[in-house]
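Trainee: I should like to request a close look at a single part of this model, set in the context of the chain as a whole.

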Amino acid sequence: MVFYICKTLILVAILHQAAAGRRKQEDFLEWRDYIDGKLPDTSIVVGRTSTFPGGIPIYVGLVHVEDGPNEGYLPTNIIGGVIPVNVSLDDETIISFDKNVKILCGKGHYTTRIFWVQTSQSTFPSVLESDQYRPVFAGWQFGEDNKVTFNSSIYVGKGTEGQFGANFVGKIYQNHPDPLKNNRLYSPGWYSTVTKFDTFDSLVWSLVI
Ligand SMILES: *[C@@H]1O[C@H](CO)[C@@H](O)[C@H](O)[C@H]1NC(C)=O
Ligand SMILES: *[C@@H]1O[C@H](CO)[C@@H](O)[C@H](O)[C@H]1NC(C)=O
């Protein structure tokens with residue numbers, strides 16, 4: 001009898017492991033439409049503005065940018081209710097969008113599974129290999145840098161010290177041909193400057209419960 005209970009427990013454990021292995025980002029997170037500044041009720045708050053004015057919730061936005069041959073799905077700040085939403089394609093020029101903006105929302109039992117881990121340009125690659133979590137994938141960016149064509153994966157990060165305490169969500173490049181940009185965070189400022197961070201937090205989702 002004890003033998004059978006043990007066998008059953010082992011089987012349950014194995015099935016549980018297998019289920020964990022099959023987990024994917026879409027089980028806990030989804031990008032929903034951000035229209036006219038309206039926030040879906042499952043929007044994930046990732047911080048608050050500290051000044052000008054303080055206390056406004058900050059969310060993660062996603063914009064599909066097409067500019068000639070350049071294209072990308074770029075994460076950025078959504079300051080609660082504020083439109084337009086700003087992104088930077090070439091790390092210098094800010095582009096504003098008031099349409100076709102998505103906002104990161106939770107799904108299912110997501111609340112304890114989404115968190116930030118401290119990273120830097122040198123440690124971000126280890127986040128990709130963790131057996132505890134995976135970085136939140138935003139999409140990719142295709143373009144040309146110093147005459148080299150690239151198509152980088154883009155992940156979601158935030159700077160620890162944003163401009164006016166407000167603008168810290170941005171894109172982390174992975175597989176960028178420029179070693180200065182690869183694994184680094186770029187965030188568009190609230191007012192028109194791009195901030196580059198060597199140390200930043202990476203948004204991750206848990207592989208374990
Ligand atoms: C960039 O790579 C992704 C897959 O990694 C692919 O789906 C996408 O079409 C590529 N973009 C371009 C413009 O080639
Ligand atoms: C985007 O930029 C515009 C124009 O500079 C500004 O009015 C707006 O507040 C910015 N949006 C965010 C979320 O920073």
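In which strand is isoleucine 114 found, and what are its surroundings?

Mentor: Please bear in mind that this is a predicted model. Isoleucine 114 belongs to strand β8, which covers residues 114-120. Within 10 Å of isoleucine 114 there are 19 other C-beta atoms; a residue counts as buried at 20 or more and as exposed at 12 or fewer, so isoleucine 114 is partly exposed.

As for its contacts, leaving aside residues up to four places away in sequence, isoleucine 114 touches Phe28, Ile44, Gly106 and Trp205. Of these partners, isoleucine 44 may be examined further: 70 residues separate it from isoleucine 114 in sequence, while the C-alpha to C-alpha separation in space is 9.2 Å. Across the chain, among contacts with a separation of 6 or more, 61% join residues 24 or more positions apart.

The wider setting is a chain with two helices and 15 strands, in which 34% of the 209 residues are buried. The mean pLDDT of the chain is 86, with 83% of residues reaching 70 or more. Confidence is highest in strand β7, residues 101-106, at a mean of 98, and lowest in helix α1, residues 2-22, at 52.

The model also contains a ligand. Around ligand 1 lie Glu71, Trp140, Phe142 and Asn151, a shell of two nonpolar residues, one polar residue and one charged residue.

Methods. Residues are numbered from 1 along each chain as its sequence is written. Chains are lettered from A and ligands numbered from 1 in the order in which they are written. This is a predicted model: local features need pLDDT of at least 70, side-chain atom pairs count only at pLDDT 80 or more; totals for chains, interfaces and linings use all residues. A residue is near a molecule or strand if its C-beta atom, placed from the backbone, lies within 6 Å of it. Ala, Val, Leu, Ile, Met, Phe, Trp, Tyr, Cys and Pro count as nonpolar, Asp, Glu, Lys and Arg as charged, and the others, Gly among them, as polar. Helices (H or I, at least four residues) and strands (E, at least two) are DSSP runs, numbered from the N terminus. Two residues are in contact if their C-beta atoms, placed from the backbone, lie within 7 Å. pLDDT is the predictor's confidence in each residue, from 0 to 100.
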